[in-house]
Amino acid sequence: MSKSGFNRRQFLETSGRTVVGGVATTSVAAMIAPGGAWAAGLTTLDEPTADVLLRVCRVMFPHDKLGDDPYRTCVGGLDMKAAKDDALAKQMKDGAAALDNGGRKFLKKDEAAQVKALTAIEDTPFFKTIHGHVIVALYNNPKVWGHFGYEGPSFPLGGYLERGFDDIDWLPEV
Amino acid sequence: MTKFNLNDDNVVVVIGSGAGGGTLANELAQKGVKVVCLEAGARLDYTEDFSNDEYGMFGKISWLDKRTTSGDWQVAKDFPGLPAWICKTVGGTTVHWAGASLRLQEHELRALSHYGAIDGANLLDWPITLSDLEPYYAKAEDKLGVTRTNGIPGLPGCNNYKVMEAGAKKLGYQNVHSGRMAINSEPRDGRTSCRQLGFCFQGCRMGAKWSTLYTEIPAAEETGNFEIRPLSHVLKIEHNDAGKVTGVIYADKDGNHQRQSARVVCVAGNSIESPRLLLNSASNRFPDGLANTSGQVGRNYMRHMTASVYSVFDNPVNMYRGTTMAGIVSDESRHDPSRGFSGGYEIETIAMGVPFLAAFLLPGTWGRDFTSVMDAYDHIAGMWIVGEDMPQESNAVTLHAAEKDQYGQPVPNVHYDDHQNDLAMRRHGLDAGARIHEAVGANKVIETPPYPSTHNLGTNRMSANAMDGVVNKWGQTHDINNLFVSDGSQFTTSASENPTLTIVTLAIRQADYIAEQLGKGNI
């Protein structure tokens, strides 16, 4: 049989084994209980540290329509890395403590003040470690893609040839 | 599958299996020449191993061995350990490329004569003309199945293209179309046609985009004249007392050193690894590295003047639906010094998924300025500007004085300073891109700095005079007649076009020359 000329239905039938999978999801997400607490498991970082980091992640990359869960997933990822990296664990704990100045001060500030506090430390290894982690952990999480209107892997669905690759309808005639 | 003996000194050893190496190897094998192709990366199966996963595929196919950077280019600040976005896998960077297949322009092949000398630039004319290349361009376009050649229809334009097209035409640009692409718009050559998946950079899961991985390599294997050894990283090229190369030392998949004898060695490891290998092959006889009498090995590193424009619109675009490089505006690729710079640039669409757009849009930034753009992701259109950058002798791939790789060899440092001409062209291109998007209603325009380089060129450049470059018009090194360079490092100047078609063209032409010289007993 020719490899060519599939319509979408035929294509999906022949590629069916790849319909599930294909996306590298982070298993970290499953370890963090949705809805607030860290109850489902911080392995290395303590809760006060994790609480500060959670807020740092959101102030760094604020998406108001996203709940806390994807940000918790980011902190969960840092916790997993810290479990295997003592230096990172110390960096997170010390960095969060310094930001919080021993109390709940960072968390009690308003966003503008929190931005100012982060701006003051944006050249530190602590900040850069978190930034480098979150830019991947937040945006490479398929659970947030719907918020951005991004549909993710298309091969399992036969591509966009018959699913809107050229459906733009607001451009002026040329 | 054919296997050649390590002691077989009748084989041509090709180092690398991408656009240059993979094509050359197949062309030679088709002519009956015995070829051993050594590829540093693993062999993947596009039907099993490729997925629509930006980070996942990046980790699987990219060249991630240690490299360092220096110079004032933005890449050294944003991605100091990743100067280049190229591949370590069978198929090389033809797995990652977007498929744009453009011929160089006649005047670009004689940049020095046409532009005149430019301060700080090491400009030179190529020792070949467009008419030398034209018959080989025709063969390359047929091999790759380039759309808008050989009666092959253009690809249909996706949303991202339609935005660029509408803006460009409104501004009066004339040369606007969905590109000359090595992506099948209809089934051809045993490969299926494009289903507008997106994810061209992640390896085409359809096999609709030409890659040596599933074209040249299997075709070469069918001849019985070819063996590819994946996970074989070449460490050194050896030579005899007569100054001829005799074989290569490589680390196999287990890290053991092997020596493959060779009648001819062809280096096609892309413009960072190829000069690095020549430099790492220094000997008592050639203390500055092989083929380096001119001192030009590693120098004149070019990476194209690049930048991107991403714009936010009031209405949805969904740029990620469809081919990544979905169309082109070529009007600015002319040489017109009245614009304030020499040479020209192409404007091509580009699109990324949420994961990579976040990483590349404005590296290092954070806060609401950044997230407000990301929040509008599905309302964004993107375009890439890619133009001729100036060869500068001080822009160079050199061996790091202290850092070593996993094999104990000095890692390459990639030094690049932007030339004034590059900066002026980038400014012009960013303004042109913004105007195109604004012509159809963009309400916010983001100027995205260069990504790590995918177009790496010039570090073993072609020259008529042996003191001006590393190889002659056949890619044969000036110093050693059985040592060839077969990748983009041959480019004398960068021109404004995406380089793959020209790399393939040069490889087809070089295969004719090598076969002829072997036949005559000259090498």
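## A tour from the interface to strand 12 of chain B

Begin by colouring chain A and chain B separately in this predicted model, and select the residues where the two chains meet: 55 residues of chain A are in contact with 51 residues of chain B. The size of an interface is often given as the accessible area lost when the parts come together. Between chain B and chain A the buried area is about 4,300 Å², and carbon and sulfur atoms give 59% of that area.

Next, look for charged partners across the interface, where the rule finds 5 salt bridges between chain B and chain A. Select A:Glu151 and B:Arg321, which form a salt bridge in which the closest N and O atoms are 2.8 Å apart. If you turn to polar contacts, the count between the two chains is 28 residue pairs, with both residues at pLDDT 80 or more.

Now show only the side of chain B that touches chain A, to which helix 2 (46-49), helix 7 (159-170), helix 10 (354-360) and helix 11 (368-375) each supply at least two residues. Helix 7 of chain B gives the most, with 6 residues. Coloured by class, this side of chain B has 24 nonpolar, 16 polar and 11 charged residues.

Finally, move to strand 12 of chain B, residues 345-349, where 5 of the 5 residues are buried. B:Tyr345, B:Ile347 and B:Thr349 lie on one side of the strand, with B:Glu346 and B:Glu348 on the other. Which strands pair with strand 12 of chain B? Strand 11 (residues 328-329) pairs with strand 12 in the antiparallel sense over 2 bridges, and B:Val329 stands opposite B:Ile347. Strand 13 (residues 380-387) also pairs with strand 12 in the antiparallel sense, over 5 bridges, and here B:Tyr345 stands opposite B:Gly387.

Definitions and conventions
Residues numbered from 1 in each chain as written. Chains lettered and ligands numbered in written order. Predicted model: local features only at pLDDT ≥ 70, side-chain atom pairs only at ≥ 80, totals over all residues. Heavy atoms only, no water. Contact = heavy atoms within 4.5 Å. Buried area = accessible area lost by both parts, 1.4 Å probe. Salt bridge = Lys/Arg side-chain N within 4 Å of Asp/Glu carboxyl O. Polar contact = N/O pair within 3.5 Å; in protein donor to acceptor, adjacent residues only side chain to side chain. Helix = DSSP H or I, 4+ residues; strand = E, 2+ residues; numbered from the N terminus. Nonpolar A, V, L, I, M, F, W, Y, C, P; charged D, E, K, R; others polar. Buried < 20%, exposed > 50% of the residue type's maximum accessible area, 1.4 Å probe, protein only. Pairing = 2+ DSSP bridges.
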